[in-house]
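Colleague: Could you take me closely through one part of this model, the nonpolar core and what surrounds it? I would like a single connected account rather than a list.

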Amino acid sequence: QVQLVESGGGLVQAGGSLRLSCAASGRPFATYTVGWFRQAPGKERAFVAAISWSGDSTNYTDSVKGRFTISRDNTKNTVYLQMNSLKPEDTAVYYCAVKRGWYSREYAYWGQGTQVTVSS
């Protein structure tokens with residue numbers, strides 16, 4: 001089992017930046033693909049970004065490309081989501097999750113989420 005804890009959320013003005021962290025414990029974190037998801041009020045949870053176990057491959061939803069950067073430090077069992085040029089529509093609870101392989105469909109373990117609020 002993998003335990004995930006997100007941090008770094010908060011309140012920021014539009015155009016500002018935040019860096020989210022996803023800290024893992026349990027099974028070897030370095031073997032997992034890690035994804036970030038978000039859920040805005042009244043909406044379904046949606047994919048934001050993912051990074052392969054090595055960090056060589058990344059993927060982003062179109063709405064965050066050029067603004068968000070996902071990275072990982074396997075020596076610290078942590079994945080980061082650097083969010084720049086934030087917009088009010090980025091307001092959501094952000095979750096990290098892990099899955100076994102890049103092409104696996106299901107994320108097996110999830111964190112509890114961290115709130116990001118962007119004011120206009």
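Modeller: What follows goes from the whole chain to the core, then to the disulfide and to two further residues.

This is a predicted model, in which local features need pLDDT of at least 70 and side-chain atom pairs count only at pLDDT 80 or more, while totals for chains, interfaces and linings use all residues. Residues are numbered from 1 along each chain as its sequence is written, and side-chain values use heavy atoms, with hydrogens and water left out.

The protein chain holds 0 helices and 11 strands, where helices (H or I, at least four residues) and strands (E, at least two) are DSSP runs numbered from the N terminus. The C-alpha trace spans about 40 × 25 × 25 Å along its principal axes. The radius of gyration, taken over C-alpha atoms, is 13 Å, which agrees with the value near 14 Å that a compact globule of 120 residues would have, the globule rule being 2.2 Å times the number of residues to the power 0.38. Of the 120 residues, 42% are buried, a term that means under 20% relative accessible area, with exposed meaning over 50% and partly exposed in between (1.4 Å probe, protein chains only). Among contacts (heavy atoms within 4.5 Å) between residues at least 6 apart in sequence, 57% join residues at least 24 apart.

The largest nonpolar core has 30 residues, and Leu4, Trp36, Leu81, Met83 and Tyr94 touch the most other members; such a core is a set of buried Ala, Val, Leu, Ile, Met, Phe, Trp, Tyr and Cys residues joined through side-chain atoms within 4.5 Å. Among the elements that give two or more residues to this core are strand S1 (2–7), strand S4 (33–39), strand S8 (78–83) and strand S9 (92–99). In soluble globular proteins, nonpolar side chains tend to be buried together. Leaving out residues up to four places away in sequence, tyrosine 94 touches a set that includes Leu20, Trp36, Val48, Phe68, Leu81, Met83 and Val116.

Tyrosine 95, in strand S9, is also buried, with a relative accessible area of 15%. With residues up to four places away again not counted, the partners of tyrosine 95 include Glu6, Gln39, Arg45 and Trp110. Another of these partners is Phe37; tyrosine 95 and phenylalanine 37 are 58 residues apart in sequence, yet their C-alpha atoms lie 5.1 Å apart in space.

The count of disulfides, taken as pairs of cysteine sulfur atoms within 2.5 Å, comes to 1. It joins cysteine 22 to cysteine 96, with an S to S distance of 2.1 Å, and links distant parts of the chain, since cysteine 22 is in strand S3 and cysteine 96 in strand S9, 74 residues apart. The torsion about the S-S bond is about 70°, so the disulfide is right-handed. Both cysteine 22 and cysteine 96 are buried.

Aspartate 90 is found in the loop between S8 and S9, and is buried with a relative accessible area of 0%. The side chain of aspartate 90 makes a polar contact with the side chain of arginine 38 at 2.9 Å; a polar contact is a pair of N or O atoms within 3.5 Å, where within protein one must be able to donate a hydrogen and the other to accept it, and residues adjacent in sequence count only if both atoms are side-chain atoms. That side chain also reaches the backbone nitrogen of lysine 87 at 2.8 Å. Beyond its neighbours within four places in sequence, aspartate 90 is in contact with Arg38, Arg67, Phe68, Ser85, Val116 and Val118.
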